[in-house]
Amino acid sequence: IFVRLWPADFSDFLMQAQHDSAVCSLAVSKDELLLGVATSNGTLGLLNVATHAYTTCARSHRTGVASLACSFDEEHEEPIIATAGLDGTIRIWGVSDGVQRYEFAVAGDMPKAVEFKPSSPSVLVCGFASGSLRVLNVPEAS
């Protein structure tokens with residue numbers, strides 16, 4: 001299973017990253033040079049378009065990932081990744097070392113989507129199966 005990066009004319013792919021399981025979520029940096037990838041077996045990766053490098057950041061959740069969000073903003077010393085897992089947790093990861101920084105869970109509800117607020121990248125919005133939204137303030141993760 002591959003993630004492939006194509007030019008606008010789709011003449012031939014520019015680069016690719018192979019995965020052991022299906023890709024279930026993607027996030028792109030504002031400058032479009034970094035691509036966060038989450039797979040159905042819980043693996044997180046980062047595709048660097050400028051260097052053509054792919055790095056596995058973490059083997060994350062016990063099950064798959066429902067949603068992935070990346071904060072590639074200069075406000076953070078390093079990029080951070082947020083994931084909503086099918087194991088019922090929301091986790092925050094450091095990209096440079098793949099270390100989990102925080103873990104959140106809401107009893108009786110399943111996280112379905114996560115997204116960083118563009119104007120304030122330390123604010124993470126989480127959507128749940130019940131239809132509720134929760135807003136988390138993520139401190140500096142380094």
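From the N terminus on, the elements of the chain run β-β-β-β-β-β-β-β-β-β-β-β-β. The chain has 13 strands and zero helices; both kinds of element are DSSP runs numbered from the N terminus, with at least four residues (H or I) for a helix and at least two (E) for a strand. The model is predicted: local features need pLDDT of at least 70 and side-chain atom pairs count only at pLDDT 80 or more, while totals for chains, interfaces and linings use all residues. Residues are numbered from 1 along each chain as its sequence is written, and side-chain values use heavy atoms, with hydrogens and water left out.

**Overall dimensions**

The C-alpha trace spans about 45 × 30 × 25 Å along its principal axes. A compact globule of 142 residues would have a radius of gyration near 14 Å, and the 15 Å of this chain agrees with that; the radius is taken over C-alpha atoms, and the globule rule is 2.2 Å times the number of residues to the power 0.38. The accessible surface comes to about 7,300 Å², of which 53% belongs to carbon and sulfur atoms, by the Shrake-Rupley method with a 1.4 Å probe. Of the 142 residues, 46% are buried; buried means under 20% relative accessible area, exposed over 50%, and partly exposed in between. Among contacts (heavy atoms within 4.5 Å) between residues at least 6 apart in sequence, 34% join residues at least 24 apart.

**Strand pairing**

Strands E11, E12 and E13 form an open antiparallel sheet in that order; two strands pair if DSSP finds at least two bridges between them. Its edge strands, each pairing on one side only, are E11 (111-117) and E13 (133-137). Six bridges join E11 to E12 (residues 120-128), and Glu115 stands opposite Val125 in E12.

Strands E9 (residues 89-94) and E10 (residues 100-105) are also antiparallel, over five bridges. Thr89 stands opposite Ala105 in E10. The two strands form a hairpin with five residues between them, and Gly98 in the turn has a positive phi of about 70°.

**Nonpolar cores**

A nonpolar core is a set of buried Ala, Val, Leu, Ile, Met, Phe, Trp, Tyr and Cys residues joined through side-chain atoms within 4.5 Å. The largest one has 14 residues, and those with the most contacts inside it are Leu44, Leu46, Cys57, Leu68, Cys70 and Ile81. At least two residues of this core come from each of the strands E4 (34-39), E5 (43-48), E6 (53-59) and E7 (65-71). E7 gives the largest share, three residues. A second, separate core of 13 residues includes Ile80, Ala84, Ile92 and Val138.

Leaving aside residues up to four places away in sequence, Leu68 touches several residues, among them Leu26, Val37, Leu44, Ile81 and Val114.

**Loop residues**

Most residues other than glycine have a negative phi. Phi is positive in Phe10, near 55°, and in His52, near 60°. The table gives the loop and relative accessible area of these two residues and of Asp87.

| Residue | Loop between | Relative accessible area |
|---|---|---|
| Phe10 | E1 (2-5) and E2 (15-18) | 57%, exposed |
| His52 | E5 and E6 | 48%, partly exposed |
| Asp87 | E8 (80-85) and E9 | 18%, buried |

Asp87 touches His61, Arg62 and Thr63, not counting residues up to four places away in sequence.

How values were computed:
Buried < 20%, exposed > 50% of the residue type's maximum accessible area, 1.4 Å probe, protein only.
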